[in-house]
Amino acid sequence: MEYSKLFSPMKIGNVEIKNRIVMAPMCMGFGQYNGCATETMMNYYEERAKGGVGLIFTEITRVNDITGASSYGQLGMSHDYQIPALKEMADRIHKHGCKIMVELHHPGRQNLGLMIGTVPLCVVGEKLMGNLYTKILTGAVIPPGKKLQDKDIVPRVIAPSKCEKSKMSESVNKALSNKGVKKIICQFIEAAVRVKKAGCDGVELHASHGYLIQQFLSPNTNKRTDEYGGSLENRMRFLTEIIDGIRKNCGDDFPIVVRLTVDEMYDRIGQNNKGYRLAEGLKMAKILSDKGIDAIDVSSGAYDTFNYWLEPTTFNCGWRKHLAEEVKKVVDIPVIAANLIRSPKQAEKQLEDGIQDFISLGRPLIADPQWVKKVESGNENLIKRCVCCLYCFESMMENAYKYSHGNCSVNKFVGRENIKFNKNGVDRKVLVIGAGAAGLTAAEILAKRGFEVTVLEKENEAGGQLNLAKKPPHKEKMGWVCTDLFENVKALGVKVEFGVTANKELIDAYNPEIVINATGGNAIFPDAFKGENVSTVTEILDGTIMLENKKVAVIGSGMTGLETSELLIEQGNKVTIVEMADTIAPGAWFQQLDDAMPKLKAGNTEFLPCHKLISINDGSVTLERTKDNERVNLDVDFVVLSLGVRPDTSLYDEIKNSDSYKVYNIGDSAQIGRIADATESAYQLAIKI
């Protein structure tokens, strides 16, 4: 397919972008306390520039160290000393014909109280103590600090006016004074001047996702009575004064882009009278266009409505394209939008249909930095697609407390872009047992290193456990992981043999030097619970057992249990979810839970936390309440066990002591985990052999 629109140039202001593909701003935590770009950050962005992207928007870049630093590893433009490193990064990106604009940001009420005033102390601490300071911070300071955070015994974060806590950050906030408002306006302007001095191509003002500028725009968070609150014009004044100041100090030839939430989407979570909707968002877009900004980057939502800007896997591609489409009708400047685009065909069509002018790719470029070049060279089948598993964001948030960065489930080279392959595999035979995520990742890396790789898979398709994970409603994207890996290993000359059950005799016949066992795991099915009216989630998900119009008890409320319950509801069953813990899905990432629970509740699911399965009877189960040990009976027709997975080590145990070849065990067959754990274990092995 010819992608004439996608690869046509277009200008933002006076800056010509070589194609219509831009990298969306995403904080991954590759920075350092002082806000200077690091070598790791430069490598990360340069890899995407090498991959053919036309324009890169950097991650959130702070303009204020005291109240505006939201990550220890965040880029900053709050001081002149940060300019040289940014200039070096811009020069490296420009070498590849790619432009760079810096996203200026302040978190406002969505910051953590724990972060207020912390970064300047960290800068001093690192200067005085070096790496020892980080060990003390992450080991002895942050853990008790998080406990104080939970009790609100930390400094207050700032907001346009005192308002409710923000979801996820949940910090008590205080209103900015009029003087404080004007000071932050100046800090945005001063940061833009530094961006221009660094040789970057423009700035993007982050008026989206619930951060400070959007907080001024929203009547939910802006209840001020001075010139910065009340009417739409007043609520926009904070943003428009920043724009005016940048124009005055940077000139008309320095592009200003605004990333704008045009719909806060509170109605999607049943809070219809909160915030602003698309109609008012379009008025904002029109005002900004008339004011002469150079492009508008359309988005939606805030932390309170998290899944409506950073979508889980169940959301349909292009579900929010109507937002950009409506904005384009009221502005006369280029429109940029993400719109959950996952294929070049979708991107081209949305350009052809006039929905937007630029395609913003965020997570897809984390998953595959070569996305653009693969399309341009006719190899779009080799794109490793983002499956919206949310691990990039989850890992970034968790690792931020460890002064580390986010990762990707399907791309193990995120943050490792400088890794060079040791190509010592020529004439060395490797046999991989299992074509799941771990096995195929190992096969791909080893093939790139020159090994002769053969993969044996007992089923008739690649996928392993992910062939079950893609079965619940709207989870089809999970199947992309191994589909894409399979295409890539085929292109590298890896032989994949399906329908082959490996054993020691067969492996010996291949005469390999190395055997990698990646046989996955099996659902736990205690003998005490086996019976005609019982199965594990496996049989439900693979279709071996089909239930209709039954009363079903699902034992275990991990995400697999919840997603299997969704499938059972779709098939017409009445589901009760039984969980030993005090809460449903303990340990699950909040976005996954926010996605699943409304659907389960809409299906009249009954939830029984604090209940332990004792026995399965004919037509009922006996449960024990964990709080008082009281036993209760629940009438059910069928029981589905979701008790976790146990590693399948049968083949590994048979061959691990072989004198003929080296044997390794990876993925779920070594330790049960998520996609990211499986692919990471494969990476760690394959890079070192």
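Helix H20 lies across three strands, S20 (551–555), S21 and S26 (638–641). Its direction is about 165 degrees to that of S21. The model is a predicted one.

The strands under discussion belong to an open sheet of five, ordered S19-S26-S20-S21-S22. Pairing in this sheet is parallel. S19 (534–536) and S22 stand at the edges. Each has a single partner strand, so one side of each is left without a neighbour in the sheet. From one strand to the next, the twist averages 20 degrees. At the S22 end, S21 and S22 pair over three bridges, in the parallel sense. One residue pair to look for is Ile-577 with its bridge partner in S22, Phe-607.

Now turn to helix H21, residues 590–602. This helix has 13 residues. From first C-alpha to last, H21 reaches 19 Å, close to the 18 Å expected at 1.5 Å a residue. Which residues of H21 are buried? They are Phe-590, Gln-591, Gln-592, Asp-595, Ala-596, Met-597 and Leu-600. What do these buried residues pack against? Two helices take part, H14 (391–400) and H20 (559–570). Two strands do as well, S21 (574–578) and S22 (606–608). Just after H21 comes Asn-604, with a positive phi of about 60 degrees.

A second sheet is also open, with three strands in the order S23-S24-S25. Here the pairing is antiparallel. S23 (611–617) and S25 (631–635) are the edge strands, and each pairs on one side only. The twist averages 30 degrees from one strand to the next. S23 and S24 (residues 620–625) run antiparallel and are joined by six bridges. Within this pairing, Ile-616 stands opposite Val-621 of S24.

The nonpolar cores come last. In soluble globular proteins, nonpolar side chains tend to be buried together. The largest nonpolar core in this model holds 142 residues. Leu-104, Leu-205 and Phe-238 touch the most other members. Take Phe-238, leaving aside its neighbours within four places in sequence. Its contacts include Val-181, Ile-184, Ile-185 and Phe-188. Phe-238 is also in contact with Leu-212, Ile-213, Phe-216 and Tyr-228. Apart from the largest core lies another, of 20 residues. Among its members are Leu-468, Leu-547, Leu-567 and Leu-600. Leu-600 is also one of the buried residues of H21.

Key: Residues numbered from 1 in each chain as written. Predicted model: local features only at pLDDT ≥ 70, side-chain atom pairs only at ≥ 80, totals over all residues. Heavy atoms only, no water. Helix = DSSP H or I, 4+ residues; strand = E, 2+ residues; numbered from the N terminus. Expected span 1.5 Å × (residues − 1). Buried < 20%, exposed > 50% of the residue type's maximum accessible area, 1.4 Å probe, protein only. Contact = heavy atoms within 4.5 Å. Core = buried A, V, L, I, M, F, W, Y, C linked by side-chain atoms within 4.5 Å. Pairing = 2+ DSSP bridges. Axes fitted to C-alpha atoms, helices over the stretch in contact; angles between N-to-C directions.
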